Amino acid sequence: MTDADIELQHIWLEVQAERWHNIPRFLFSFYCYKHNLVSKTNKPCWETARNELPASSSVQTRKNSVIDPLVPEEAVVGLLKTLSKDGEMSFDAMAKTLDTFLHYVVVSKQEHAKLKPNMPASWYQGHEKPLMARFDLAGISIQSR
């Protein structure tokens with residue numbers, strides 16, 4: 001079992017117990033382990049993540065930048081809650097939701113201040129859920145790595 005699997009199991013236990021408020025603390029660690037954004041001692045590493053993640057086109061130096069989720073962690077938890085409420089929750093459904101909606105990028109502090117804390121209302125109401133919706137709204141473009 002990998003460290004990413006262990007973090008995923010932590011998330012699954014919290015989902016099963018419906019302890020939604022605890023889930024966000026596992027999300028970044030899970031993402032770091034899954035994408036090998038770890039320190040030399042195999043711990044989730046903000047510095048490694050900041051250096052390796054896709055960044056906005058305005059980021060000149062990553063040292064003073066901010067890591068932001070494409071979809072706010074609370075919105076990802078909300079998607080998990082909806083799956084659970086609708087009776088569609090399974091380990092695979094949870095993992096697929098995380099694979100689809102849990103992504104992080106690097107932005108400047110000025111861009112971070114422009115980002116809304118939630119996805120646009122249309123994102124919650126529509127069937128399509130574009131990952132870049134709140135970044136597009138703020139006029140932030142992300143360069144792929």
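This is a short tour of a predicted model, going from the start of the chain through two helices to a pair of cysteines.

**Stop one: the segment before α1.** Begin by selecting T2, which lies in the segment before helix α1 and which, at 44% relative accessibility, counts as partly exposed. Now add D5 to the selection and look at its backbone nitrogen, which lies 3.1 Å from a polar atom of the T2 side chain. If you then select K34 together with T2, you will see two residues that are 32 residues apart in sequence but 8.8 Å apart in space, taken from C-alpha to C-alpha.

**Stop two: α1 against α5.** Next, select helix α1, residues 3–16, and helix α5, residues 91–101. Two packed helices are described by the angle between their axes and by the distance between those axes. Here the axes come within 11 Å and cross at roughly 115°, and the crossing of α1 past α5 is right-handed. To see what fills the contact, show the side chains of L8, Q9, I11, W12 and V15 on the α1 side, which meet F91, M94, A95 and L98 on the α5 side. The residues of this contact divide into eight nonpolar, one polar and no charged.

**Stop three: α2 and its surroundings.** Move on to helix α2, residues 24–34, where eight of the eleven residues are buried, so that the helix is largely enclosed by the rest of the structure. The buried residues to select are F26, L27, F28, S29, F30, Y31, C32 and Y33. What do the buried residues of α2 pack against? Display the helices α1, α3 (46–52), α4 (73–85) and α5, along with the strands β2 (66–69) and β3 (104–107), and you have the elements that these buried residues pack against. Before leaving this part of the chain, select N36, just after α2, which takes a positive phi of about 55°.

**Stop four: two cysteines.** Finally, return to C32, which counts as buried at 0% relative accessibility, and select C45 as well, which also counts as buried, at 15% relative accessibility. Why is there no bond between the sulfur of C32 and the closest cysteine sulfur, in C45? The two sulfurs are 7.7 Å apart, which is too far for a bond, given that a disulfide requires cysteine sulfur atoms within 2.5 Å. Seen from the other side, the closest cysteine sulfur to that of C45 is the one in C32. The structure as a whole holds zero disulfides.

Terms used. Residues numbered from 1 in each chain as written. Predicted model: local features only at pLDDT ≥ 70, side-chain atom pairs only at ≥ 80, totals over all residues. Heavy atoms only, no water. Buried < 20%, exposed > 50% of the residue type's maximum accessible area, 1.4 Å probe, protein only. Axes fitted to C-alpha atoms, helices over the stretch in contact; angles between N-to-C directions. Helix = DSSP H or I, 4+ residues; strand = E, 2+ residues; numbered from the N terminus. Left-handed = near helix turned anticlockwise from the far one by under 90°. Contact = heavy atoms within 4.5 Å. Nonpolar A, V, L, I, M, F, W, Y, C, P; charged D, E, K, R; others polar. Polar contact = N/O pair within 3.5 Å; in protein donor to acceptor, adjacent residues only side chain to side chain.
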